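Visitor: I would like to go through this chain with you, step by step. Please reason each answer through before you name the result.

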Amino acid sequence: MKRIVTLIAAFAVAAMMVGSAFAADELVVATDTNFPPFEFKDPATGKHTGFDVELWEAIAKEIGVEYDLQPMDFNGIIPGLQSGQIDVGIAGMTIKPERRKVVDFADGYYNAGLLILVKEGENGINSIEDLKGKIVSTKLGTTSEDFVKKNANAKDVKLFPNNDSMFMELIAGGADAVVFDSPVIADFMNKRGKGMVKVVGPLYQGQSYGIAFPKGSGLVTKVNAALKTLRENGTYRDLYVKWFQTEPK
């Protein structure tokens, strides 16, 4: 009986090891929980979709890898990459020098900038200088947070873990303005915030979004090659037009 139990235990351990080996072949790909039109949960299907999600799907197909998409708070992605719990991060992440120190980036795949959003009836805010003494809402752990704190001289900078909260703070009157990434601002203004908000001022701080990896990841070269192929064969252009209704810039 003891030998049978031992054999059963050995088979169980072996099965676990085989399962782990297969799991190890599947990349863990982190994306933001709510960053439309780059990533968001489709209310009709309950699944995450968006430009980033579909772009990664095309990249994964091109390089021949399986993956598990893991939506999470944006500010947890880089720590996850550093700890090795995440293999890839694609979440509208700006390529910044300080981030390059702790993670590797593939080539930039989207050019953006920052915009100021105010309520439709607001006439006293027309530039970053006009935010002096005002209350500004933005997203925690983002380039926008750094920019506002450095340049706006605001009375208060309210930080939120997701887009919905920072926009609702403006609509509810708890903030005078939102400063955030241009494509997300445009998406909100043209959809959920239509008629209630407007963009003021120029595009600030041009920036590039990049796909992030743990330091030394061998995936960087493969993903760069895949991005090049997708641009050349028209797949990138098709996805860009689908999600942004304009030609790639």
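The questions and answers below go from the whole chain to single residues.

Visitor: How many helices and strands does the secondary structure of the chain come to?
Guide: The model is a predicted one. Along the principal axes, its C-alpha atoms fill a box of roughly 80 × 45 × 40 Å. The secondary structure within the chain comes to nine helices and 12 strands.

Visitor: What share of the contacts with a separation of 6 or more is due to residues 24 or more positions apart?
Guide: The chain has 249 residues, of which 45% count as buried. It exposes about 12,600 Å², with carbon and sulfur atoms supplying 55% of that area. Among contacts with a separation of 6 or more, the share of residues 24 or more positions apart is 69%.

Visitor: How far apart do the centres of the positive and the negative side chains lie?
Guide: The two sets consist of 28 positive and 31 negative side chains. Their centres are separated by 2 Å.

Visitor: Is the pair of Tyr110 and Tyr240 stacked or edge-to-face?
Guide: A pair of aromatic rings is described by the distance of the centres and the angle of the planes. The count for the chain comes to 22 aromatic pairs. For Tyr110 and Tyr240 the centres are 5.6 Å apart and the planes meet at 25 degrees; planes under 30 degrees apart count as stacked, so this pair is stacked.

Visitor: How many residues apart in sequence are the parts that Tyr110 and Tyr240 tie together?
Guide: Tyr110 and Tyr240 are both buried. Tyr110 belongs to strand β7 and Tyr240 to helix α9, so the pair ties together parts whose separation in sequence is 130 residues.

Visitor: What kind of aromatic pair do Phe147 and Tyr204 form?
Guide: Both Phe147 and Tyr204 are buried. Phe147 lies in helix α5 and Tyr204 in strand β11, so parts 57 residues apart in sequence are tied together. The ring centres are 5.6 Å apart with 45 degrees between the planes, and the pair is tilted.

Visitor: Which residue lies over the face of Tyr236?
Guide: Tyr236 is a member of one aromatic cluster that also includes Phe35, Phe51, Tyr110, Phe180, Tyr240 and Phe244. At 4.2 Å from the ring centre of Tyr236, and over its face, lies Arg231.

Visitor: Which residues of helix α7 are buried?
Guide: Helix α7 spans residues 182-190. Its buried residues are covered by elements including β7, α6, β10, β11 and α9. The buried residues are Ser182, Pro183, Val184, Ile185, Asp187 and Phe188.

Visitor: Which residue just after α5 takes a positive phi?
Guide: Helix α5 covers residues 143-151, and its buried residues are Thr143, Ser144, Glu145, Phe147 and Val148. The cover over these buried residues includes α4, β7, β8, β9, β10 and β11. Just after α5, a positive phi of about 55 degrees is taken by Asn153.

Visitor: Is Lys96 buried or exposed?
Guide: Lys96 is placed in the loop between β5 and α4. Leaving out residues up to four places away in sequence, it touches Thr142, Thr143 and Asp146. Its relative accessible area is 10%, and buried means under 20%, so Lys96 is buried.

Visitor: What is the relative accessible area of Val28?
Guide: Val28 lies in strand β1, residues 26-32. Beyond its neighbours within four places in sequence, Val28 contacts Asp68, Gln70, Gln85, Ile86, Asp87 and Val88. Val28 counts as partly exposed, because its relative accessible area is 24%.

Visitor: How far apart in space are Gln70 and Lys41, C-alpha to C-alpha?
Guide: Gln70 has its place in strand β4 and is partly exposed at 30% relative accessibility. Its contacts outside the neighbours within four places are Val28, Val29, Ala30 and Thr31. Lys41 is 29 residues from Gln70 in sequence, and the C-alpha distance is 12 Å.

Visitor: Is Thr49 buried or exposed?
Guide: Thr49 is found in strand β3. With neighbours within four places set aside, its contacts are Phe38, Glu39, Phe40, Asp42, Glu54 and Trp243. The relative accessible area of Thr49 is 15%, so this residue is buried.

Note on methods:
Residues are numbered from 1 along each chain as its sequence is written. This is a predicted model: local features need pLDDT of at least 70, side-chain atom pairs count only at pLDDT 80 or more; totals for chains, interfaces and linings use all residues. Side-chain values use heavy atoms; hydrogens and water are left out. Helices (H or I, at least four residues) and strands (E, at least two) are DSSP runs, numbered from the N terminus. Buried means under 20% relative accessible area, exposed over 50%, partly exposed in between (1.4 Å probe, protein chains only). Contact means heavy atoms within 4.5 Å. Accessible areas come from the Shrake-Rupley method with a 1.4 Å probe; for residues, only the protein chains shown count as cover. Lys and Arg count as positive and Asp and Glu as negative; His and the chain ends are not counted. The place of a charge is taken as NZ of Lys, CZ of Arg, CG of Asp or CD of Glu. Rings of Phe, Tyr and Trp (its six-membered ring) pair if their centres lie within 6.5 Å; planes under 30 degrees apart count as stacked, over 60 as edge-to-face and the rest as tilted. A charge sits over a ring if NZ of Lys or CZ of Arg is within 6 Å of the ring centre and within 35 degrees of the ring normal.
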